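Q: Please take a close look at one part of this structure, its nonpolar core. Set out what forms the core and what surrounds it.

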Amino acid sequence: MTAQPALRYQGHYAGAVSRLASFVIDIVVSAGIFSVALAAISYGAQVITGNLVSWNHTTGVVAGLFAAWELAYFGFSWATNGRTLGMAVFGIRVVRTDGADLEPRHATVRALVFPFSFLFCGLGFLGILVQREHRALHDLAAGSAVIYAWTVRAPGTGELEAAPGPGATPPERRDQPSTAPAAGA
C-alpha cells in the first residue's frame with residue numbers, strides 16, 4: 001500500500017500585496033480588540049474599587065501586554081484555523097510546506113519568529129518578493145507557506161471541488177479542446 005501525500009490545499013502561493021493588506025486588517029482588528037479590553041478592565045476596576053484606572057501607553061507594562069496579545073492573536077488564529085481575520089478576507093491560508101494544515105507547534109514557532117522578520121528594515125520579508133514560494137523568515141522557520149485557498153464549486157452542481165493546483169486548467173476551460181501541441185508532433 002502506498003502512502004498518500006498530506007496535500008489538502010493546492011492553491012497558488014500568496015503574493016506580497018495580499019499578505020500586506022491582510023496584515024494591516026489584522027493589526028487594526030487586534031489593536032481595536034486590545035483597546036476595548038483595556039477599557040473594559042478599567043471600567044470594571046472603577047465599578048469595583050470606585051477609583052479611576054487609566055493606562056499609560058508609554059509604559060513597558062502596556063507594551064508587554066500588547067506584544068503578548070499579538071502573539072496570542074496570530075498564534076491562536078494560525079493554530080486553529082490556519083488564517084486570521086485579515087487572511088480570511090483575502091482568501092489566504094497558512095499551511096505546512098507539504099500542503100497539510102498547520103499544526104499548533106508550527107503556528108507557535110511562526111508567531112514567535114514573526115517579529116524578527118521586521119528587524120533590519122524588514123529583511124525577513126525579502127523572501128516574499130524574491131522566492132518562488134513567497135516564504136518570509138517566519139515561514140522558513142516554521143516550515144509553512146501562505147497560499148490562496150478559495151473554495152471552488154463544481155460548475156452547475158454547487159458541490160465543492162478541490163482547489164486547483166498551480167498549472168491546473170480553469171473550470172471554465174475544461175470542456176474546450178487543448179491548444180497545446182500533441183505529443184510527438
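A: What follows describes the core first, then the helices and the loop around it.

The model is predicted. Its largest nonpolar core comprises 12 residues: Ala14, Tyr73, Phe74, Trp78, Met87, Ile92, Val94, Leu102, Ala107, Ala111, Phe114 and Val146. Three elements each supply at least two residues of this core, namely helix 2 (60-80), strand 1 (92-96) and helix 4 (104-113). The greatest contribution comes from helix 2, which gives three residues. As a general background, nonpolar side chains tend to be buried together in soluble globular proteins.

The packing of helix 2 against helix 4 deserves attention. Their axes come within 8 Å and cross at roughly 150 degrees. Because angles over 145 degrees count as roughly antiparallel, helix 2 and helix 4 are described as roughly antiparallel to each other. The crossing of this pair, helix 2 and helix 4, is right-handed. On the side of helix 2, the residues that meet helix 4 are Leu71, Gly75, Trp78 and Ala79. Their counterparts in helix 4 are Pro104, Ala107, Arg110, Ala111 and Leu112. Trp78, Ala107 and Ala111 are members of the core and also take part in this helix-helix contact.

Val146 is another member of the core. Leaving aside residues up to four places away in sequence, Val146 touches His12, Tyr13, Ala14, Arg19, Met87, Ile92, Arg93, Val94, Arg110 and Asp139. Among these neighbours, Ala14, Met87, Ile92 and Val94 also belong to the core. The surroundings of Val146 include charged residues as well, among them Arg19, Arg110 and Asp139.

Asp139 leads to the next part of the picture. Asp139 is found in helix 7, which covers residues 137-142. Its relative accessibility is 0%, so Asp139 counts as buried. With residues up to four places away in sequence again left out, Asp139 touches Arg19, Arg110, His134, Ser144, Ala145 and Val146. Arg19 and Arg110 thus appear in the contacts of Asp139 and in those of Val146.

Arg19 is one of the buried residues of helix 1, together with Ser18, Ser22, Asp26, Ser30, Phe34, Leu38 and Ser42. In an α-helix, residues three or four places apart point the same way, because there are 3.6 residues a turn. Helix 1 (residues 16-49) has 34 residues and reaches 49 Å from its first C-alpha to its last, close to the 50 Å expected at 1.5 Å a residue. Helix 1 is followed by Gly50, whose phi is positive, near 80 degrees.

Beyond helix 4, the chain enters a loop that precedes helix 5 (119-122), and Phe118 is found in this loop. At 41% relative accessibility, Phe118 counts as partly exposed. Phe118 touches Phe23 and Phe125, not counting residues up to four places away in sequence. The C-alpha atoms of Phe118 and Leu137 are separated by 9.6 Å, although these residues are 19 residues apart along the chain.

In helix 5 itself, Phe120 and Cys121 call for inspection of the backbone. Most residues other than glycine have a negative phi. Phi of Phe120, however, is positive, near 55 degrees, and phi of Cys121 is also positive, near 60 degrees. Phe120 counts as exposed at 68% relative accessibility, and Cys121 is exposed with a relative accessible area of 85%.

Note on methods: Residues numbered from 1 in each chain as written. Predicted model: local features only at pLDDT ≥ 70, side-chain atom pairs only at ≥ 80, totals over all residues. Heavy atoms only, no water. Core = buried A, V, L, I, M, F, W, Y, C linked by side-chain atoms within 4.5 Å. Buried < 20%, exposed > 50% of the residue type's maximum accessible area, 1.4 Å probe, protein only. Helix = DSSP H or I, 4+ residues; strand = E, 2+ residues; numbered from the N terminus. Contact = heavy atoms within 4.5 Å. Expected span 1.5 Å × (residues − 1). Axes fitted to C-alpha atoms, helices over the stretch in contact; angles between N-to-C directions. Parallel < 35°, antiparallel > 145°, perpendicular 65-115°, else oblique. Left-handed = near helix turned anticlockwise from the far one by under 90°.
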